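Here's a quick briefing to read alongside the model. Have the sequence and the 3D view open as you go.

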Amino acid sequence: MEKIKGFYLLMLILVLIFFQILLFNLIIKDSLRESGEVFTSFLSNLFKYDNFVVSKLDVKFNDFNLNQNFSSILKEGPNDYVQGIYYPGNTLKYVKKVYDGYLLYEIPEDLIEPQQSSNKLYLVAVNNKIIFSNRSSLLGSNLSDIKLFSVIFETKQGFKVIVGMPIVKVIIFDFLFSLPLVLLFVVFYYLIFKKYSKKHEKMITSINEVVKRLDEANQSLIENGKFECCKYDVSIPELVPLKTVLENIENNFSKIIEKQRNIAKEYKKAIDELEIVHEVLLNKDLELITALAETVELKDSVTGNHSKKVVDLALEIAKILGVNDKDEIEAIMYGAILHDIGKIGIPESILNKPSKLTPEEFEIMKKHTILGEKIIQSIPGWDLVADIIRHHHENYDGSGYPDGLSGDEISLRAQIVSIADVFTALTEDRPYRKALSIDEAIEVIRGMVGTKFSEEIFNAFLKALDRLLNGVDKG
Ligand SMILES: [Fe+2]
Ligand SMILES: [Fe+2]
């Protein structure tokens, strides 16, 4: 990331340097043009008057002063060699046609000297040959051989004037000119950008550290119920307020957690106490209800504990059948205890009759189911118990009482209590018979499968009885 940022910054600087060089070169060119114009004008003016006319030649280029013919070395217009004729040293020679011959102009090189400049190169060329230069070593060279950054003019006489700078020199000037910008870039990059990057990097590291600490604190909160995140040193001043805020959050959060923990402890204590009270009340209820059931049993001449035995067997059958709903189990328990509570309204003469009941007496006896349901119906939330009490004499084939229900019309809870009641009754003495043995009672009940009980209930009863008799799963 940092490398990419540095690359873009470098590209930007290079573009700036390019435009700076372009501008600098335009300035150089402008300066060359200005010098070139001055020099060209100066040179043209030297030929304007006849001050530099050194001789008059006839039409055949004869010089009568020197008594010499120059037709082989001179020509009309600008001449392209440098050796002087009338002046020693190098000269610029120009032959101008007049009506009866030619005028020979000769300008010594020394006269042009003041125009020289240390950095700029002044050249005068004719036919691609340099005939004047402020660098004497270039005289006679071909103009095309010299690589220059230059401007070109021409005098009225036809001399080509070139003012320029060697390209190498221009490149050196460009470099020196752009050096401050390069230095500026280096300073900017290392002192500011790098410094900023380091700071930024440090800040990212710190923020990652904060996130890590918070995550650890969160895990600790989930696993141990403790929230500790923010007691660590911060080296970046900008992050100090964040640290302070996090510390405050940690402190407040810890206080809240402590408070919640205390409240939870108090709640737990209260719930434990309530559960104990509930258990005590439940036992008291059970004792009262059992006592009530036993009172009725006394009236029925049934030896005590009939109800308790029915409860144990019914609950075991329910367990075998997979009944685990709390309300159902509770209903089976209370229903088993109170199944014959309605006998309280049946005359003792019928209840304790040692011989078989007459049909009329049996009709009265049947009413104990309805009477029992009426007594229990007055207790709110005991609908399931009332159902057991009303239907504990219903038969699987519909031949039972009081409603003649059959099959699944009879609730499972009523079927469970019914079979437990019948077995318990068969194994107890009655005014009209002696108690049957367990095996005899089982055989009697087996004979009732399909009429009084379903196969499923009978099988569950057998398993439950086996468990109770063999002491398995007493709990
Ligand atoms: Fe009964
Ligand atoms: Fe009973």
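What follows covers the domains, one loop residue and one helix pair.

Keep in mind that this is a predicted model. The chain is assigned two stretches, domain 1 (2-171) and domain 2 (300-469), and their C-alpha centres sit 140 Å apart.

**Domain layout**
- If you want to find the domains in the sequence, look at 2-171 for domain 1 and 300-469 for domain 2.
- Going from the C-alpha centre of domain 1 to that of domain 2 takes you across 140 Å.

**Asn305, a loop residue**
- Asn305 sits in the loop that links helix H4 (240-299) to helix H5 (306-320).
- Is Asn305 buried or exposed? It's partly exposed, because its count of C-beta neighbours inside 10 Å is 15, and buried would take 20 or more while exposed would take 12 or fewer.
- Look back 15 residues in sequence from Asn305 and you get to Thr290, with 9.0 Å between the two C-alpha atoms.

**The H11/H12 pair**
- Helix H11 (residues 412-426) packs with helix H12 (residues 438-446) at about 135°, and their axes are 9 Å apart.
- That angle falls between the 115 and 145 degree cut-offs, so H11 and H12 are oblique to each other.
- As for handedness, H11 and H12 cross in a right-handed way.
- Which residues meet here? From H11 come Ile419, Val422, Phe423 and Leu426, and from H12 come Ala441, Val444 and Ile445.
- Sorted by class, the H11 contact with H12 has seven nonpolar residues, with no polar and no charged ones.

Key:
Residues are numbered from 1 along each chain as its sequence is written. Chains are lettered from A and ligands numbered from 1 in the order in which they are written. This is a predicted model: local features need pLDDT of at least 70, side-chain atom pairs count only at pLDDT 80 or more; totals for chains, interfaces and linings use all residues. Domain bounds come from an automatic or database domain assignment. Helices (H or I, at least four residues) and strands (E, at least two) are DSSP runs, numbered from the N terminus. Axes are lines fitted to C-alpha atoms, for helices over the stretch in contact, and angles run from 0 to 180 degrees between N-to-C directions. Angles under 35 degrees count as roughly parallel, over 145 as roughly antiparallel, 65 to 115 as roughly perpendicular and the rest as oblique. A crossing is left-handed if the near helix is turned anticlockwise from the far one by less than a right angle, and right-handed if clockwise. Two residues are in contact if their C-beta atoms, placed from the backbone, lie within 7 Å. Ala, Val, Leu, Ile, Met, Phe, Trp, Tyr, Cys and Pro count as nonpolar, Asp, Glu, Lys and Arg as charged, and the others, Gly among them, as polar.
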